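User: I'd like to go through this one and ask how each label was earned. Could you set every value against its cut-off as we go?

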Amino acid sequence: MKLSHITIQGFKSFAKKTTLDVTHQVTGVVGPNGSGKSNIAEAIRFVLGEQSMKSMRGKIGADVIFKGSEHLSALSRASVMMVIDNKEKTEISHASETLAPFLVYDELVLSRIIYSDGTSDYTLNDAKVRLKDVQELLSFAGIGGSAHTIINQGEADRILLSSPKDRKEALEDALGLRIYHMRLNESKRKLERVKTNVHEVELLRLEIKPHLSSLEKQVKKIESQEEETKNLQRLLIAYLNREKAELDILHDRIREKGTSNALIHITDSIHKELTLLKDKTYDKKDSSVLEKQTLQAEMRSLLSRRDQFAKTTGRLEAEKSYLEKELNREEELKEITISYDNFTNTHKELKSDFSTLSQYISDKDTDNAQNKLKDVTNKVDGFFNLNNSEEASKKEKIVKDIENIVAEIKEHEEKAQSLNTEINSLQEKINNIEKDAETEITSRYEEEKKVMLLESKLRELDSTIALIRQEEGELLLRKQYFDALLKEGVAIIGQNILIYKDSVPEEKYKDTPKADLLRAIERSKLRIEEAGVQNREEILAEYKTTKDRDEYLMKELTDIKDSEQKLLILIDDLTKSLTEKFNVGVTEVSKVFSEFFGEVFAGGKGKLTLIQLVKVDEDGNEITEQGIDIDVTLPNKKVKEINMFSGGERALVSISLLFAMSSITPPPFMVLDETDAPLDETNAQKYGVMLQRLSEKSKLLVITHNRETMNHCDMLYGVTIGVDGSSKLLSIDFKKAEGLVE
Ligand code: ATP
C-alpha cells in the first residue's frame, strides 16, 4: 500500500477543497508560520481516525471544521479523503469479513467527514464503514495511530520520553503487529462473550433440567405403556384368532348336532309319540287278557263238569261192570251172593278176630287161641248159611241195578258228549284268542321295542341336550368373555384390534397354551393400567417442546464451546505469532537502530532491549508486561539518561529510532512535522541522508523550514494563508521542473 493523494475540504484553515499529490518519494511542505502546514499533518491524522482532539489542537470535534473569517462563512462539516494505491496487495488472511472485500481493489479511497455535532462518518470506496474497520485497514497498511508515522511538531523525542510499555506498543505498530493485537483483543472480547453465553446457556439448561427429567419420566411411562400396548396387541391377536377359530368350531358343532331348543322340540314330539304308543299298548293288553281270562274260567268250569261226568260215568261203568260180573258168577258158577254189607261186616269181624288170634298165637296163649279159632269157625259157618236164602232175590236186583246203571251211563255219556262239544268250541275260542294274543304279542313286542327305542332315544336326546346345553353355556360364556375382551382391547388399543383377523399371530405364541396367553393378557392390562399417565398428549407435546429447547440449547452450547475452543486456539496462535514476530522485530529494529546511531553519532552505540515489567493490577495480582528500553552511549559522553541529552541530541536519537522502526515494515508514508527543527546544519545534513534512505521504502511528507531538508524533496508544496483566512497550496515538482501550480 502506498499513499497517493490527500484531499482536504473544510478542515481547519483549508476551507476550500485542496488536493496534495503525495506520489513522490519525499514531498515537502513549506510556508510561513500559521499558514496551515501543520493542519495538513493533522488532516492526515484526522482521516486515519484520530479520536484525540487534543492531538489535533482542539477541544471538541467541531473545532476541526473551518470556523470562517471576515470574508468566508463558517462551514458545517469538514472532510478529508485519502487515496491509497493498493496495486501491491497486502496479505488478507487476518482481515475481517468487512475489510477483506475492499482489500482486493487496486485503489482504496478512505474518507472521514465530521459534522458540527462532532459525529463522524467513515467511508471506504464509497461504502460506509466503522472506525474499527478504518483502524484495521491502517493496521494492514502498517500505518498505525502511534507516533512513528505522523510525528507532530515538537514531538520528535516523544518516543524517547515515553514509557517502555508505550515504546513497545509504538514498536509493535511499526512492525505491523497492531492487527494481531486487534485480533487478540477482539478474540478475547469474543471469548468473554462466549464464556458468558456458555454460562447463560448452562443456566438455562439447568433451569429446564428438573422439568425435562420429570417429563422424561412421564414420557418413559407413556413409552412403556405404548410398548406394553403393542405387547397386548400381539397377545390379543394370538388369543383372539385362536379363540375365534375354536368358538366357530364349537358353534358349528352345536349347529350340526342341533341346538338344545331344537332337540327339546324333537324330545317333545317323541314324548307325545311315546305316550300315544304306551296308551295304545296298555289298552290292547287289558282287553285281550280279560277276554282270555273269562274264556279260561269258562273252560275250567266246563272241564270240571266234564271231569265230574267222566268220574260219574267211570263209577257207573265200574258199578255196571261189577254187577255184570256178579250176575255172571251167580249164573255161571252158582256163586253165592252175599250182600255187600253183610260181607263187609263179617269181613271186619273176621279180620279183627284173626288179628286177636294171631296175637294169641304169638303170645303162645293156646287156650284163647283155640277158643278164638272155634269162634271164627262158627262165624264163617253162620255167614255162609245166611247167604244161601238171599241168593235168588239178589240176582234179580242185580239185573235191575245194571239196567238202571246203563241208563244212567247213557244219560251221562250224552251229557258228556254235549260238554265235549261245548269244550271243543271253547277251546277253539281260546285257541283263537291265544292266536290273536300271539299276533298281539308280536305286534306289542314291536311296539314295545319301538317304545324302548324311543325311550332310549329320549335318554340319548336328554344326555345330548344336557351336553349341548353345557356346550352352549360354555360357548355363551366364552363368547361373552371374548366380546368383553375385544371391547376392552378397543378401549386400550383402539379400533385396530377389531381387524385382528387380518393380522398373523406371532410364531412365538404358536405353542403357548391359551390359559397362559390369557394370564399374559391380564398381566399386560395391569401393567398398562399401572403405567397410565393423565394428559398424555399434552405431556408429549410439552416434552417435545422442552426437549427441542434443550437440544437447541445443547447444540448452541456445543457450537459456543466449539467457537470458544477455536477462539482459544486463535488466541494462542495469535499470541505465539505476535511474540515471535515481535521478538524478531525487536532484534531487527535494534540492529538498524545501532547502524543509524553509529552513522549519526560516530563512535556512539545504541540498542534496544526487551525488558519484563512487573505490575500489580487492580485485584492486587502481579502481572508481567513487556517493555522496550533504549540503551545509548554517546561518543565521549558518560551520560546515559536520555532526558539529560540536549534537544538536538534527543532529536537525533529519536529520529534514528523512528527511522529504524519504520525500516523493517515500511509504512506507506510518514509525516514529519518540523522534526528537523532542533538540528544544527551538520546534523540537518545527516537528517537529510536518513530521509533519503527512508524514502526508498516509504513516501515522506516533510513539513520544514530547513533549506537542507528542502534539498532532499522531490516535490515541494508552498502553503499560504490569504486575507480570507483560508489556506492555499502551491506546488513545485522538482523532478519535472514544472512551475508552481495551484
Ligand atoms: P508554524 O509554521 O508556525 O508551525 P503552521 O503553518 O504549521 O505554522 P498551522 O498551525 O498549520 O500553521 O495553522 C494554524 C492556523 O490555522 C492558525 O492561523 C489558525 O487560525 C488556523 N486555524 C486553526 N483552526 C482553524 C479553524 N477551525 N478554522 C479556521 N482557521 C483555523
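User: Okay, why is Q9 called partly exposed?

Analyst: Q9 has a relative accessible area of 37%. Buried means under 20%, exposed means over 50%, and partly exposed is what lies in between, with a 1.4 Å probe and protein chains only. So at 37%, Q9 is partly exposed. Before we go on: this is a predicted model, so local features need pLDDT of at least 70 and side-chain atom pairs count only at pLDDT 80 or more, while totals for chains, interfaces and linings use all residues. Residues are numbered from 1 along each chain as its sequence is written, and side-chain values use heavy atoms, with hydrogens and water left out.

User: Where does Q9 sit, and what is Q9 in contact with beyond its neighbours within four places in sequence?

Analyst: Q9 is in strand β1, residues 2–9; helices (H or I, at least four residues) and strands (E, at least two) are DSSP runs, numbered from the N terminus. Contact means heavy atoms within 4.5 Å, and by that rule Q9 touches F14, A15, K16, K17, R77, A78 and S79, leaving aside neighbours within four places in sequence. For a long-range pair, take Q9 and I423: they are 414 residues apart along the chain, with their C-alpha atoms separated by 182 Å.

User: How do you know whether the protein matches a compact globule of 742 residues?

Analyst: Compare radii of gyration, taken over C-alpha atoms; the globule rule is 2.2 Å times the number of residues to the power 0.38. That rule gives a value near 27 Å for 742 residues, but the protein has 82 Å. The box around the C-alpha atoms, taken along the principal axes, is roughly 250 × 70 × 40 Å. As for secondary structure, the protein has 14 helices and 14 strands.

User: What separates K351 and Y509, in sequence and in space?

Analyst: They are 158 residues apart in sequence and 118 Å apart in space, C-alpha to C-alpha. K351 lies in helix α7, residues 340–362. Its relative accessible area is 58%, so K351 falls in the exposed class.

User: And why is K410 called exposed?

Analyst: K410 has a relative accessible area of 52%, so it is exposed. K410 belongs to helix α9, residues 391–492. From K410 to N424, 14 residues along the chain, the C-alpha separation is 21 Å. N371 and L357 are also 14 residues apart in sequence, but 9.1 Å apart in space, C-alpha to C-alpha. N371 lies in helix α8, residues 366–387, and at 45% relative accessibility it counts as partly exposed.

User: What makes helix α2 largely enclosed by the rest of the structure?

Analyst: 8 of its 11 residues are buried, so α2 (residues 131–141) is largely enclosed. The buried ones are D133, V134, E136, L137, L138, S139, F140 and A141. Their cover includes α1, β5 (107–115), β6, β7 and α5 (178–257). Right after α2 comes G142, with a positive phi near 75°.

User: What is notable about phi of D126?

Analyst: It is near 70°, a positive value in a residue other than glycine. D126 sits in the loop between β6 (120–124) and β7 (127–129), and is exposed, with a relative accessible area of 76%. R57 also has a positive phi, near 55°, and is not glycine either. Its loop runs between α1 (37–47) and β4 (77–85), and with a relative accessible area of 54%, R57 is exposed.

User: How many residues does the largest nonpolar core have, and which have the most contacts inside it?

Analyst: A nonpolar core is a set of buried Ala, Val, Leu, Ile, Met, Phe, Trp, Tyr and Cys residues joined through side-chain atoms within 4.5 Å. The largest such set has 113 residues, with I8, F11, I40, I44, L48, F593 and F659 making the most contacts inside it. Helix α11 (residues 536–600) gives the largest share of this core, 15 residues. Another core lies apart from it, with 32 residues, among them A238, L274, L486 and I497.
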